[in-house]
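Reader: I have a structure open and a few labels I'd like explained. Can you walk me through the reasoning behind them?

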Amino acid sequence: MVAGNKPLDENNASFVCYSNSFTTVNRAIEPDTMASGIKSLINSAKALYIGNSGSKAELPELFPVVDKEVDGEDCDRDCSNCVVQYPKSFKIDESDDLYGFVKGWSTHILVATGKSDWVRDVADEKGSIMQAISHAKAPTNGRLMVSASNIPTPHQTTSYSEPTTVLVLPAFTIVENVTPATVPTLVSIINDSPTNTSPLEPISIPPSISADLPEATPAMLKEITTRPSPHRALILLCSQKTRDARCGQSAPLLRKEFQRHLAPLGLYRDLDDERPGGVGIYFISHVGGHKYSANVMIYRRPDAFGLDEIELGKLTEEERQRVVPIKAQEGEENLGAAQCIWLARVKPEDCEGIVKFTVLQGKVVKPLSQLRGGFDRGRGLMSW
């Protein structure tokens, strides 16, 4: 490497690439070189499988990265007083490239099951909405990602024999009274909902829809209702230990740490908290890449807390104390999620920075080691 070349720093917001010079010598291929070549082939194969929509954003383009001049000298600091830690046996893959290797999706739904773990493939949960969706006609507006979640069911049990609730993303829309028989109606709602590539426009979904069911079906089972989610942002944590024990270990620990940092801001919302604004934290089923645990998906409304453009690092301590997240406005138009920021390799000590910069401002603290992908509807960019 020529003198003066500079390695790519974890928090270098400019992501400047430097050219390298090499001298060829006659020698055997080193093991590290061979491993690197194999890894490159694997990454190329993954890229072919995932495909490219033509709108793929490069790593520095998709989301803003924290910058010490803008966000303060401590913007890349890990939490020093975390109350939880992973077990010593908690080992993950730290070597793979992460960015750009998630398969693109158009819509994401969370099915309320009241459980935090499920059979290995949630489509095999007998009698569930997940199973019914796997047998139904697919949506016409692109790939649907289906996640079982620990959102409480309306009947407060884990039985699939009663109607349940589905959260549709990026629409930030709650669909209620869904049964396996009304899944075709749910799919029609998904077809009429914005996708991850839709422009940011007001969402218009009828508040009540009658499902096309046999005449003898009780009227109460035919009527599906919809309403906007009350949250400004969502933090989704994979908790499915039947796929990987690390997910079952990490999700409760991260939830505890996220809660610790959100609660003083008045933003933490537990599973039954329907107050407008705030951040919902939900456990979900396997999303892929459990060897990079913990996987964390963050959905944000546009400028979710009114802090996206505020340069906190340039404010005095007194000024920073006066900066508070905005609350939801009564009658505010539902534009859905503007961003989904998908992180991996998240540890408890990362939670403070993720709350302060990713949840509140839509920025990424450790893009090179943690960013798997996502989308920004406002700018029409995605990672696939």
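**Why these labels?**

Author: Sure. Both Lys366 and Asp350 are buried, and keep in mind that this is a predicted model.

Reader: What makes Lys366 and Asp350 a salt bridge?

Author: The N to O distance between their side chains is 2.8 Å, and the cut-off is within 4 Å, so the pair qualifies. Lys366 is in the loop between α9 and α10 (367-370) and Asp350 in the loop between β11 and α9, so the bridge ties together parts 16 residues apart in sequence. By this rule the count comes to 22 salt bridges.

Reader: Why do Asp93 and Arg345 count as a salt bridge?

Author: Their closest N and O atoms are 3.6 Å apart, and that is still within 4 Å, so the label holds. Asp93 lies in the loop between α3 and β1 and Arg345 in the loop between β11 and α9 (351-361), so this pair ties together parts that are 252 residues apart in sequence. Asp93 and Arg345 are buried, and they belong to a network of salt bridges with Glu94, Asp96, Lys291 and Lys347.

Reader: Now Glu332 and Arg232: how do you know whether each is buried or partly exposed?

Author: Go by relative accessible area. Arg232 has 3%, so Arg232 is buried, given that buried means under 20%. Glu332 has 40%, so Glu332 is partly exposed, since that class runs between 20% and 50%. The two form a salt bridge, with the closest N and O atoms 2.7 Å apart.

Reader: Why is Asp74 called partly exposed?

Author: Same reasoning: the relative accessible area of Asp74 is 33%, so Asp74 is partly exposed. Asp74 sits in the loop between α3 (68-71) and β1 (107-112).

Reader: On to the rings. Why is the pair of Tyr86 and Phe90 called stacked?

Author: The ring centres are 4.1 Å apart and the planes are at 25 degrees, so the pair is stacked; the cut-off for that is under 30 degrees. Tyr86, at 15% relative accessible area, is buried, and so is Phe90 at 11%.

Reader: And what makes Trp105 and Trp342 edge-to-face?

Author: Here the angle between the planes is 70 degrees, with 5.8 Å centre to centre. Over 60 degrees counts as edge-to-face, and the centres need to lie within 6.5 Å, so both conditions are met. Trp105 and Trp342 are both buried, and ring pairs link them with Tyr299, Phe375 and Trp384 into a cluster.

Key: Residues numbered from 1 in each chain as written. Predicted model: local features only at pLDDT ≥ 70, side-chain atom pairs only at ≥ 80, totals over all residues. Heavy atoms only, no water. Helix = DSSP H or I, 4+ residues; strand = E, 2+ residues; numbered from the N terminus. Buried < 20%, exposed > 50% of the residue type's maximum accessible area, 1.4 Å probe, protein only. Phe/Tyr/Trp six-rings, centres within 6.5 Å; stacked < 30°, edge-to-face > 60°.
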